[in-house]
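This report describes the fold shown below, beginning with one of its sheets and ending with the chain as a whole.

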Amino acid sequence: MRKPLYIKEAQKLSLYNNNIKIEKEDKKILINVEDVSSVFVEDPHVIITARLLSYLGENNVSLILCNEKFMPSVQSVPLYGHFNQVGILHIQQELSSELKNQLWQKIIKAKISNQKEVINLTTENEYVSNSLEAYSNNVGLNDFDNREGIAARVFFKEVYGDNFIRFGNNMISSALDYGYSILHSALTRLLVSYGFSTNYGIWHNSSRNPYNLASDLIEPFRPLVDYLLYFNLNKISFPLEKEMRIKMIKLLTYYVKMDKIYKVEYAMIKMIESLIYVYKTGDVNGLLLPEIVANKFYED
């Protein structure tokens with residue numbers, strides 16, 4: 001299984017015999033591209049060669065550049081991801097509203113169920129857990145009555161306290177944004193590799209968001225970030241310290257459940273493969289979505 005490559009400081013990144021060559025002062029390190037799923041670069045002064053960028057794209061490795069606050073701000077993905085890219089695009093464009101509504105219902109039910117499981121694994125508040133289960137069971141087609149938003153308010157209040165404001169200017173929101181961006185970037189890369197156009201979403205359809213489909217499919221994975229943060233609230237700062245940033249990047253190597261227990265990044269692959277099946281057959285029950293399982297985030 002490929003793993004993310006984290007680069008905090010470097011003078012130059014280039015290609016050498018199919019390896020990523022990292023140069024820093026008098027040191028040179030070679031990393032085999034075939035072992036890497038994505039490259040996170042935090043140093044704003046690093047020089048990256050065009051040859052390396054092209055080779056990363058050819059091998060479906062995304063490059064993620066961070067801003068001065070260490071937040072991922074730019075991502076490169078391959079221009080051509082799959083031999084049947086045009087065929088996949090036609091299927092996306094012809095997707096019926098009915099199937100989209102069913103898919104979004106299933107996605108939001110899974111998200112709220114995972115929020116419930118995070119409560120079971122953290123605060124163990126039975127009342128909140130039961131409330132979230134009820135919200136999940138009552139998600140309608142296309143979540144027309146916004147069970148997702150109602151559940152989120154209950155969930156965040158329990159995990160982060162009464163005073164937490166999700167989109168406020170606070171350390172927890174910043175940390176959540178960082179964690180979500182890690183998952184979002186991985187999903188985008190994988191979707192492109194399977195021939196999807198990420199512009200065409202299921203529920204998200206913003207003309208300003210070139211990654212609408214990734215924004216849809218990330219939803220059941222989001223509670224994984226909250227699960228990690230709960231056990232690391234005393235380590236959150238603004239901006240995030242290196243230790244927490246690395247923990248977030250490692251989210252892709254933790255575990256969720258589908259038909260079996262998989263690492264997060266492989267579970268994303270299984271989900272995308274099942275989505276192709278759903279798009280071709282119209283059988284929404286074929287969509288595989290992750291279920292939160294116990295992970296030892298507190299022992300990192």
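## The antiparallel sheet

In this predicted model, three strands make up an open sheet with antiparallel pairing, arranged in the order S10-S9-S11. The edge positions are held by strand S10 (261-263) and strand S11 (291-292); each has a single partner strand, so one side of each lacks a neighbour in the sheet.

Strand S9, residues 255-257, runs antiparallel to S10 and is joined to S10 by three bridges. Within this pairing, Lys257 has Ile261 of S10 as its bridge partner. Strands of a sheet are in general held together by backbone hydrogen bonds, in a parallel or an antiparallel manner.

## The parallel pairings around S5

Parallel pairing occurs on strand S5 (36-41), which takes part in bridges with S1 and with S7. Five bridges connect S5 with S1 in a parallel arrangement, and here Pro4 lies opposite Ser38 of S5. Four bridges connect S5 with strand S7, residues 62-66, again in parallel; in this case Val41 lies opposite Leu65 of S7.

How many of the six residues of S5 are buried? Six of the six are buried, and the strand is accordingly described as mostly covered.

## Helix H9 and its surroundings

Helix H9 (242-249) contributes several buried residues, namely Met244, Arg245, Lys247, Met248 and Ile249. An α-helix has 3.6 residues a turn, so residues three or four places apart point the same way.

Against which elements do the buried residues of H9 pack? They pack against strand S1 (3-7), strand S5 (36-41), helix H6 (171-193) and H8. The packing thus involves S1 and S5, two strands that are themselves joined in parallel by five bridges.

## Two serine positions

Ser237 is located in the loop that links helix H8 (222-230) to helix H9 (242-249). Is this loop residue, Ser237, buried or exposed? Its relative accessibility is 17%, and because the limit for burial is under 20%, Ser237 counts as buried. Between the C-alpha atoms of Ser237 and Val284 the distance in space is 41 Å, with a sequence separation of 47 residues.

Ser185 belongs to helix H6. With a relative accessible area of 8%, Ser185 is also buried. Outside its neighbours within four places in sequence, Ser185 makes contact with Ile64 and Gln75; Ile64 falls within the residue range 62-66 of strand S7. Gln105 lies 80 residues from Ser185 in sequence, and the two C-alpha atoms are 23 Å apart in space.

## The chain as a whole

The protein chain contains ten helices and eleven strands. Its C-alpha trace extends about 60 × 50 × 35 Å along the principal axes. For 300 residues, a compact globule would be expected to have a radius of gyration near 19 Å, and the value of 20 Å for the protein chain therefore agrees with that expectation. Among contacts with a separation of 6 or more, 66% link residues 24 or more positions apart.

Of the 300 residues, 52% count as buried. The accessible surface amounts to about 14600 Å², and carbon and sulfur atoms account for 48% of this surface. The chain carries 33 positive and 34 negative charges, whose mean positions are 4 Å apart.

How values were computed: Residues numbered from 1 in each chain as written. Predicted model: local features only at pLDDT ≥ 70, side-chain atom pairs only at ≥ 80, totals over all residues. Heavy atoms only, no water. Rg over C-alpha atoms; globule rule 2.2 N^0.38 Å. Buried < 20%, exposed > 50% of the residue type's maximum accessible area, 1.4 Å probe, protein only. Contact = heavy atoms within 4.5 Å. Areas by Shrake-Rupley, 256 points an atom, 1.4 Å probe, with all protein chains shown as cover. Lys, Arg positive; Asp, Glu negative; His and termini not counted. Charge placed at Lys NZ, Arg CZ, Asp CG, Glu CD. Pairing = 2+ DSSP bridges.
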